[in-house]
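Student: I have a sequence and a model open on my screen. Can we work through the fold together?

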Amino acid sequence: MRSSKNRKIVLGVVCGIVLLCAVGLIGGLLRGDEEPSTRPGKQPSSPAAAARAVPTPDPATRDAYLAALNAIDPEIVHGRPEKAVNRGRDLCTTIQHHPDEQERLVKETRERFTSHRNPGGFGRQKAERILAAVRQYICPTY
């Protein structure tokens with residue numbers, strides 16, 4: 001009988017720990033805790049993270065990038081310029097790690113750049129043009 005009670009206590013403690021971990025993870029996601037390289041205005045926490053960090057473009061570059069995206073299809077930006085910039089910055093991380101894998105980069109672009117009207121992306125041709133704009137304006141050194 002005592003052993004059954006001990007098992008229940010241990011099970012309760014383990015469940016409590018799992019619950020606390022889950023709550024912490026979900027809370028972090030809701031607060032927007034992300035990899036340092038994707039948080040604008042935050043300093044990377046390590047040299048490796050600093051190497052991955054994609055800086056926010058200056059206003060002129062940002063405007064040129066958004067104009068390029070709008071020329072491809074106004075639905076890409078669709079009144080959410082910061083989202084379009086952040087998607088480009090996120091894509092730069094993939095470009096940095098896989099610069100010569102065009103098929104992978106086009107696929108990532110199609111998956112990353114979506115809208116309500118285009119939940120599956122904007123198609124291959126537009127994805128290639130979006131990728132070119134990201135490379136030109138957001139991460140030209142990759």
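The questions below go from the overall fold to single residues.

Student: What does the secondary structure of the protein come to?
Tutor: Keep in mind that this is a predicted model. Read along the sequence, the pattern is α-α-α-α-α-α-α. The count is seven helices and zero strands.

Student: What percentage of the residues in the protein is buried?
Tutor: Buried here means under 20% relative accessible area. The protein has 142 residues, and the buried share of them is 30%.

Student: Of the accessible surface, what percentage belongs to carbon and sulfur atoms?
Tutor: The accessible surface of the protein comes to about 9,200 Å². The part belonging to carbon and sulfur atoms is 58%.

Student: Which helix gives the most to the largest nonpolar core?
Tutor: That core has 24 residues. Those with the most contacts inside it are Tyr-65, Leu-69, Ile-76, Ile-95, Phe-113, Ile-130 and Val-134. Helix 3, helix 4, helix 5, helix 6 and helix 7 each give two or more residues to this core. The top contributor, with six residues, is helix 7.

Student: Which residues does Val-134 touch, not counting residues up to four places away in sequence?
Tutor: Val-134 is among the residues with the most contacts inside the core. Its partners include Ile-95 and Phe-113, which are also on that list. The full set is Tyr-65, Gly-88, Leu-91, Cys-92, Ile-95, Phe-113 and Cys-139.

Student: Why do the buried residues of helix 6 line one face?
Tutor: The buried residues in helix 6 are Leu-105, Val-106, Glu-108 and Thr-109. Look down the helix axis: they line one face because they fall within an arc of 160°.

Student: Which exposed residues sit on the face of helix 6 turned away from its buried side?
Tutor: The buried residues of helix 6 pack against helix 5 and helix 7. The face turned away from the buried side carries exposed residues, Glu-103 and Lys-107.

Student: Are helix 6 and helix 7 roughly parallel or roughly perpendicular?
Tutor: Their axes come within 9 Å and cross at roughly 100°. Angles of 65 to 115 degrees count as roughly perpendicular. Helix 6 and helix 7 are therefore roughly perpendicular.

Student: Is Ala-127 buried or exposed?
Tutor: Ala-127 is found in helix 7. Helix 6 meets helix 7 through residues including Val-106, Thr-109 and Arg-110 on one side and Ala-127 on the other. Beyond its neighbours within four places in sequence, Ala-127 is in contact with Val-106, Thr-109 and Arg-110. Its relative accessibility is 1%, so Ala-127 counts as buried.

Student: What distance separates the C-alpha atoms of Ala-127 and Glu-108?
Tutor: Along the chain, Ala-127 and Glu-108 are 19 residues apart. In space, their C-alpha atoms are separated by 8.8 Å.

Student: Which residues does Thr-94 touch, not counting residues up to four places away in sequence?
Tutor: Thr-94 lies in helix 5. Thr-94 is buried, with a relative accessible area of 11%. Its contacts include Leu-105 and Glu-108, two of the buried residues in helix 6. The full set is Arg-104, Leu-105, Glu-108 and Arg-112.

Student: What value is phi of His-78 near?
Tutor: His-78 is found in the loop between helix 4 and helix 5. His-78 is partly exposed, with a relative accessible area of 45%. Phi is positive here, in a residue other than glycine, and its value is near 45°.

Note on methods: Residues are numbered from 1 along each chain as its sequence is written. This is a predicted model: local features need pLDDT of at least 70, side-chain atom pairs count only at pLDDT 80 or more; totals for chains, interfaces and linings use all residues. Side-chain values use heavy atoms; hydrogens and water are left out. A nonpolar core is a set of buried Ala, Val, Leu, Ile, Met, Phe, Trp, Tyr and Cys residues joined through side-chain atoms within 4.5 Å. Buried means under 20% relative accessible area, exposed over 50%, partly exposed in between (1.4 Å probe, protein chains only). Contact means heavy atoms within 4.5 Å. The arc is that of the directions from the helix axis to the C-beta atoms. Accessible areas come from the Shrake-Rupley method with a 1.4 Å probe; for residues, only the protein chains shown count as cover. Axes are lines fitted to C-alpha atoms, for helices over the stretch in contact, and angles run from 0 to 180 degrees between N-to-C directions. Angles under 35 degrees count as roughly parallel, over 145 as roughly antiparallel, 65 to 115 as roughly perpendicular and the rest as oblique.
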